[in-house]
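Let's take a walk through this one together, from the overall layout down to a few odd backbone spots. Keep the viewer open as you read.

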Amino acid sequence: MASSALSQVPAAVSVNSDTSLPRSVFKTNNVSFRNKSWTLDSKIASSRLKNRFAVCMSVQQASTPKVGVSPLDLEDVKEPPLHLYKNKQPYTATIVSVDRLVGPKAPGETCHIVIDHGGNVPYWEGQSYGVIPPGENPKKPGTPHNVRLYSIASTRYGDSFDGKTASLCVRRAVYYDPETGKEDPSKNGVCSNFLCDSKPGDKVQLAGPSGKVMLLPEDNPNATHIMIATGTGVAPFRGYLRRMFMEAVPTFKFGGLAWLFLGVANTDSLLYDEEFSKYLQDYPDNFRFDRALSREQKNRNGGKMYVQDKIEEYSDEIFKLLDSGAHIYFCGLKGMMPGIQDTLKKVAEQRGESWDEKLSQLKKNKQWHVEVY
């Protein structure tokens, strides 16, 4: 349904921890889907906000056009913005919202964080911000904490479509003592906990933007983009997909194929699932979405289903797409790459190809994009 639509209006609705209910909060008072509409009582929602979790999301409606974005002069810049703000002279931005993305059975907490930069720290899809948490570096008393890089999870127009915000997808880093099994707050991740604990109106120091390797090539709007993510590594791909399927950008009308592989622990750990599922319904010829749930699914050998197992399932098709010029992207924990590389090498050998030569050619053709941490 190429004429699908999106509508966003500003009110938040909370969802309780009952896993039979949708694990998301749509920023709207009126939700329409398949010609049905529901009116959500924001007073009731706000009164039940405690002990609930929410997901910052947009609702796509099939009867209206894509969302208009501004300012369109963000499309006029020919080169990506880079290092507009340095680590020693960061930009002071403001937290707009912090919403829990995952359900109660997810191992750990992941948050969607919207930051208002006032249009002063523009970026392109696929870039990262550096965040400097408050306080001083314990290893270097009197100096600020080291900068932490986070892939941006929104398009250049942000979740409010006005070019003034950016969104981050952040998993709270918590350390548990291996002997006692108890949390040790002194060893928790400084920046992730600062961001996940932030409240609207709090200030945050930003550096950047940075990065060119994950920029979305737009010279061919009919290209194929294969995106492979684990956990919060889905962040840049959310930005790609919103640009492709959600926003009305006059200079970019996507007509190719976007294929997302997302690996997480279980259903409650899925990130932006409702958003991606809606693209799947509205753009079946242009979007494919495969989930690898390691604690719920089995691979063909009876073991846990990891993202590399999903890649192996579709290996012939993936290799044919790569031979035809498809771009392939990897984002997530660096531990994902050895298993993926081993799978790709095995498949290449089965096809009578040298993986080393093929990888060299993909890099030479600028089809291979990796950002792991």
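Strands here are DSSP runs of E with at least two residues, and they are numbered from the N terminus. With that in hand, proline 209 can be placed in strand E13. Keep in mind that you're looking at a predicted model.

Start with the big picture. The chain's secondary structure comes to 8 helices and 19 strands. Of its 373 residues, 51% are buried. If you take contacts in the chain between residues at least 6 apart in sequence, 74% of them join residues at least 24 apart.

Back to E13, then. This strand covers residues 203–210, and because 6 of its 8 residues are buried, E13 is largely enclosed by the rest of the structure. Strand E8 (residues 91–100) runs antiparallel to E13, and 4 bridges join the two. Strand E10 (residues 128–132) also pairs with E13 in the antiparallel sense, again over 4 bridges. Leucine 206 is a handy residue to click on. Tyrosine 91 stands opposite leucine 206, and leucine 206 is also the bridge partner of valine 131.

E13 has a backbone quirk too: the peptide bond joining glycine 208 and proline 209 is cis, with omega at about 5°. There's another cis peptide bond between serine 70 and proline 71, where omega is about -5°. Proline 71 sits in the loop between strand E7 (67–68) and E8.

Next, the hydrophobic interior. In soluble globular proteins, nonpolar side chains tend to be buried together. Here the largest nonpolar core has 40 residues, and the members that touch the most others are Phe237, Leu241, Met244, Phe245, Leu260, Phe276 and Phe287. Several elements each supply at least two residues of this core: strands E14 (224–230), E16 (257–264), E17 (287–293) and E18 (327–332), along with helices H3 (235–245) and H4 (273–282). H3 gives the most, with 6 residues. A second core of 24 residues lies apart from this one, and its members include Ile226, Ile311, Phe330 and Leu362.

So how many residues of H3 are buried? The count is 11 of 11, so H3 is largely enclosed by the rest of the structure. The buried set takes in Arg238, Arg242 and Arg243, among others. Within H3, leucine 241 is a good probe of the surroundings. Leaving out residues up to four places away in sequence, leucine 241 touches Met227, Met246, Ala258, Leu260, Phe276, Tyr279 and Phe287.

Proline 236 is also found in H3. Buried means under 20% relative accessible area, and proline 236 qualifies because its value is 1%. Setting aside residues up to four places away in sequence, proline 236 touches Gly126, Ser151, Ile152, Met214 and Cys331. Another pair to select is proline 236 and leucine 168: they are 68 residues apart in sequence, with 9.3 Å between their C-alpha atoms.

Now for the empty space. Rolling a probe the size of a water molecule over the atoms shows where empty space is left. The largest pocket holds about 990 Å³ of space. Its lining has 39 residues, and Thr230, Gly231, Thr232, Leu333 and Tyr373 lie nearest the pocket's centre. By type, the lining divides into 21 nonpolar, 14 polar and 4 charged residues. Strands E11 (148–151), E12 (165–171) and E16, plus helices H2 (190–197) and H5 (307–313), each supply at least two lining residues. E16 may ring a bell: this strand also supplies at least two residues of the largest nonpolar core.

Last stop: two residues other than glycine with a positive phi. Phenylalanine 161 has phi near 65° and lies in the loop between E11 and E12. Lysine 366 has phi near 60° and lies in the loop between helix H8 (355–364) and strand E19 (368–372). Are these residues buried or exposed? Phenylalanine 161 counts as buried, since its relative accessibility is 7%. Lysine 366 counts as exposed, at 64%.

Technical notes. Residues are numbered from 1 along each chain as its sequence is written. This is a predicted model: local features need pLDDT of at least 70, side-chain atom pairs count only at pLDDT 80 or more; totals for chains, interfaces and linings use all residues. Side-chain values use heavy atoms; hydrogens and water are left out. A nonpolar core is a set of buried Ala, Val, Leu, Ile, Met, Phe, Trp, Tyr and Cys residues joined through side-chain atoms within 4.5 Å. Buried means under 20% relative accessible area, exposed over 50%, partly exposed in between (1.4 Å probe, protein chains only). Contact means heavy atoms within 4.5 Å. On a 1 Å grid over the protein atoms alone, a cavity is a set of points where a 1.4 Å probe fits but cannot get out, and a pocket is an open set with protein on both sides within 12 Å along at least five of seven lines; lining residues have an atom within 4 Å of a point. Grid points are joined across faces, edges and corners, and a volume is the space filled by probe spheres set on the points. Ala, Val, Leu, Ile, Met, Phe, Trp, Tyr, Cys and Pro count as nonpolar, Asp, Glu, Lys and Arg as charged, and the others, Gly among them, as polar. Two strands pair if DSSP finds at least two bridges between them.
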